[in-house]
Structure formats: C-alpha cells, structure tokens
Amino acid sequence: MISLDDKKLELTYPCEWNYKVIVGAEIDITIVTTSVLGEREHSVRKANNSKNGKYQSHNVSLLVHNDDDRHLIFEQFKKDVHVKMVL
C-alpha cells in the first residue's frame with residue numbers, strides 16, 4: 001500500500017480549482033454558489049444524480065489565489081445548509 005500522508009500538495013497559484021458540490025435534488029445550485037462565492041467569477045457544470053434521485057452533484061470551478069483561499073472556499077461550501085458534501 002502506498003501512503004501519501006507525508007506528501008504536501010504543491011500548486012502554483014493562482015490556479016483553476018474544482019470543487020464537487022453535492023446538494024439535495026430540490027436545491028438550485030445557484031443559491032449555494034451565490035451564497036458562498038457572491039459575485040466571484042466561476043463556472044458550474046452538472047455532474048450526476050444519485051441512483052435514487054435524492055441528490056445531485058455539480059462541478060464548481062474557479063480561480064483560487066492561494067492555499068488559504070482554496071481552503072476557505074471549501075469550508076464555506078461545507079458550512080452551507082444546502083450542501084450535503086463537498087469534495
């Protein structure tokens with residue numbers, strides 16, 4: 001088994017970053033992205049629906065400026081009441 005525990009992700013900023021945001025099927029993803037990103041430029045592409053149709057996933061892409069920016073956005077998506085999971 002290969003362990004990556006001691007490895008740190010090395011990125012050159014600014015860079016395009018993708019978040020997979022999973023919400024309930026009844027949720028408009030625009031509500032979530034507006035709440036988290038405001039007017040910040042981004043793109044959203046619908047990915048999948050869950051097998052039973054209860055959830056939908058979306059790929060949200062945007063330019064991040066540094067590690068803190070990338071992590072802050074991740075945490076804000078995680079905290080949103082409409083978001084079930086973010087990857």
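Here are some notes on how this predicted model is put together.

1. **The sheet.** Start with the four strands, which make an open sheet running β2-β3-β1-β4, with antiparallel pairing. At the edges sit β2 (43–49) and β4 (83–86), each of which pairs on one side only. From one strand to the next, the twist averages 30 degrees.

2. **The β1/β3 pairing.** Strand β1 takes in residues 15–24 and strand β3 residues 55–64, and the two are joined by ten bridges in the antiparallel sense. If you want a spot to begin tracing them, try Gly-24, whose bridge partner in β3 is Tyr-55.

3. **The helix on the sheet.** Helix α2, residues 67–79, packs on the sheet and touches β1, β3 and β4. Its direction makes about 10 degrees with that of β1.

4. **The aromatic pair.** You'll find one aromatic pair in the structure. It is made by Tyr-19 and Phe-77: the ring centres are 5.6 Å apart, and because the planes meet at 55 degrees, the pair counts as tilted. Tyr-19 belongs to strand β1 and Phe-77 to helix α2, so the pair ties together parts that lie 58 residues apart in sequence. Both partners are out of reach of the probe for the most part: Tyr-19 is buried at a relative accessible area of 1%, and Phe-77 is buried at 0%.

5. **The core.** Those two rings turn up again here. The largest nonpolar core has 16 residues, and the ones touching the most other members are Tyr-19, Val-21, Val-32, Ile-73 and Phe-77. At least two residues of this core come from each of β1, α1 (29–37), β3, α2 and β4. As general background, nonpolar side chains in soluble globular proteins tend to be buried together.

6. **Val-21 up close.** Setting aside neighbours within four places in sequence, Val-21 has a long contact list: Ile-29, Val-32, Gln-56, Ser-57, His-58, Val-60, Phe-77, Val-83, Met-85 and Val-86. Val-32 and Phe-77 are also among the core members named for touching the most others.

7. **Ser-61.** Here's a serine to look at in strand β3. Is Ser-61 buried or exposed? Its relative accessible area is 12%, under the 20% cut-off, so Ser-61 counts as buried. Not counting residues up to four places away in sequence, Ser-61 touches Glu-16, Trp-17, Asn-18, His-42 and Ser-43.

8. **Trp-17 and its arginine.** Trp-17, one of the residues that Ser-61 touches, has a charged neighbour too. Arg-70 lies over the face of Trp-17, 4.7 Å from the ring centre.

Methods
Residues are numbered from 1 along each chain as its sequence is written. This is a predicted model: local features need pLDDT of at least 70, side-chain atom pairs count only at pLDDT 80 or more; totals for chains, interfaces and linings use all residues. Side-chain values use heavy atoms; hydrogens and water are left out. Two strands pair if DSSP finds at least two bridges between them. Axes are lines fitted to C-alpha atoms, for helices over the stretch in contact, and angles run from 0 to 180 degrees between N-to-C directions. Contact means heavy atoms within 4.5 Å. Buried means under 20% relative accessible area, exposed over 50%, partly exposed in between (1.4 Å probe, protein chains only). Rings of Phe, Tyr and Trp (its six-membered ring) pair if their centres lie within 6.5 Å; planes under 30 degrees apart count as stacked, over 60 as edge-to-face and the rest as tilted. A charge sits over a ring if NZ of Lys or CZ of Arg is within 6 Å of the ring centre and within 35 degrees of the ring normal. A nonpolar core is a set of buried Ala, Val, Leu, Ile, Met, Phe, Trp, Tyr and Cys residues joined through side-chain atoms within 4.5 Å.
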